[in-house]
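I set out to record, entry by entry, what I looked up in this structure. The entries are meant for a reader who is new to the model.

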Amino acid sequence: MGPKSVYPCGNCKRNCGTNFIYCKQCRLWFHSGCQGLKKEELQVLGNLTFEYLCISCINGHAHMCLPGVCSFANWEGVFNRLNEYSADLTLLKKRIIMEKILLRNVDLMINDKANSVSHYDNVRHTVDDFALNLLNRVGANTGKSLTPVVTTGDGNCLFNAVSVAINGDESMATMLRVMTAIEIVSFCA
């Protein structure tokens, strides 16, 4: 029998009839509306060769997310999925189309309490003495209260530093890497 009589929607539990999609990770069927997918997005996803991940799986939750409500994304998972296709630009562009659809409901939350651009916190941050001396030597710190802080030197220093600057810690670094990669590939010739 077809999905209409056998497969309940992973969100609303009603049987899936038309406009439904299958999540490869949790192996559940979903109404497109229960996933917040517009008809055009469902068509685009149907034309891609990649398997769909539902809102809960993309966000690392056990079926707790509703369309437009998720505030978390598994950015490392997104990065790994994009990295699988990095050798083939055509496939990578198609994967990015899917990731943009999957990430459309993710709220990009910034820790507004941190404001580390203007507030150095000696408990959370360690001063980068080399950078501070360099700033002072070239006169870039004259009349300013700039405090360079140490970030993880793992090849992602720029993203770690920007994350510290806007969020007070490095927790946004992978999200910034993913969003940068998506923008670069989306607009390359």
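**Entry 1: salt bridges**

I looked first at E99, which forms a salt bridge with R81, the closest N and O atoms lying 2.7 Å apart. E99 lies in helix α5 and R81 in helix α4 (residues 75-83), so this pair ties together parts that are 18 residues apart in sequence. I applied the rule that a salt bridge is a side-chain nitrogen of Lys or Arg within 4 Å of a carboxyl oxygen of Asp or Glu. Helices, as I use the word, are DSSP runs of H or I with at least four residues, strands are runs of E with at least two, and both are numbered from the N terminus.

I note that the model is predicted: local features need pLDDT of at least 70, side-chain atom pairs count only at pLDDT 80 or more, and totals for chains, interfaces and linings use all residues. Residues are numbered from 1 along each chain as its sequence is written, and side-chain values use heavy atoms, with hydrogens and water left out.

How many salt bridges does the rule give? I find two. In the other entry of this kind, E99 forms a salt bridge with R95, and the closest N and O atoms are 2.8 Å apart. E99 and R95 are four residues apart in helix α5, and therefore about one helical turn separates them. R81, R95 and E99 are thus recorded as linked in a network of salt bridges.

Are these residues buried or exposed? E99 is buried, with a relative accessible area of 0%, and R81 is buried at 14%. R95 is buried, as is E99. Buried here means under 20% relative accessible area, exposed over 50%, and partly exposed in between (1.4 Å probe, protein chains only).

**Entry 2: helix α2**

I turned next to helix α2 (residues 39-47), whose buried residues are E41, L42 and L45. Seen down the axis of α2, these buried residues fall within an arc of 100°, so they line one face of the helix. The arc is that of the directions from the helix axis to the C-beta atoms. On the other side of α2, I find K39, E40, Q43, G46 and N47 exposed.

What covers the buried residues of α2? The cover includes β1 (20-22) and α5 (89-102). Contact is taken as heavy atoms within 4.5 Å.

I then examined E41 by itself. E41 is buried, with a relative accessible area of 16%. A polar atom of its side chain lies 2.9 Å from the backbone nitrogen of K38. Neighbours within four places in sequence aside, E41 is in contact with G36, I101 and R104.

**Entry 3: cysteines**

I searched for disulfides, each being a pair of cysteine sulfur atoms within 2.5 Å, and the count comes to zero. C16 is in no disulfide, and the nearest cysteine sulfur, that of C9, is 5.0 Å away. C16 counts as buried at 0% relative accessibility, whereas C157 counts as partly exposed at 38%.

**Entry 4: the whole chain**

Lastly I recorded the overall figures. The protein chain has eight helices and two strands, and along the sequence its pattern reads α-β-β-α-α-α-α-α-α-α. Buried residues make up 34% of the 189 residues. Of the contacts with a separation of 6 or more, 47% are between residues 24 or more positions apart.

How values were computed: A polar contact is a pair of N or O atoms within 3.5 Å; within protein, one must be able to donate a hydrogen and the other to accept it, and residues adjacent in sequence count only if both atoms are side-chain atoms.
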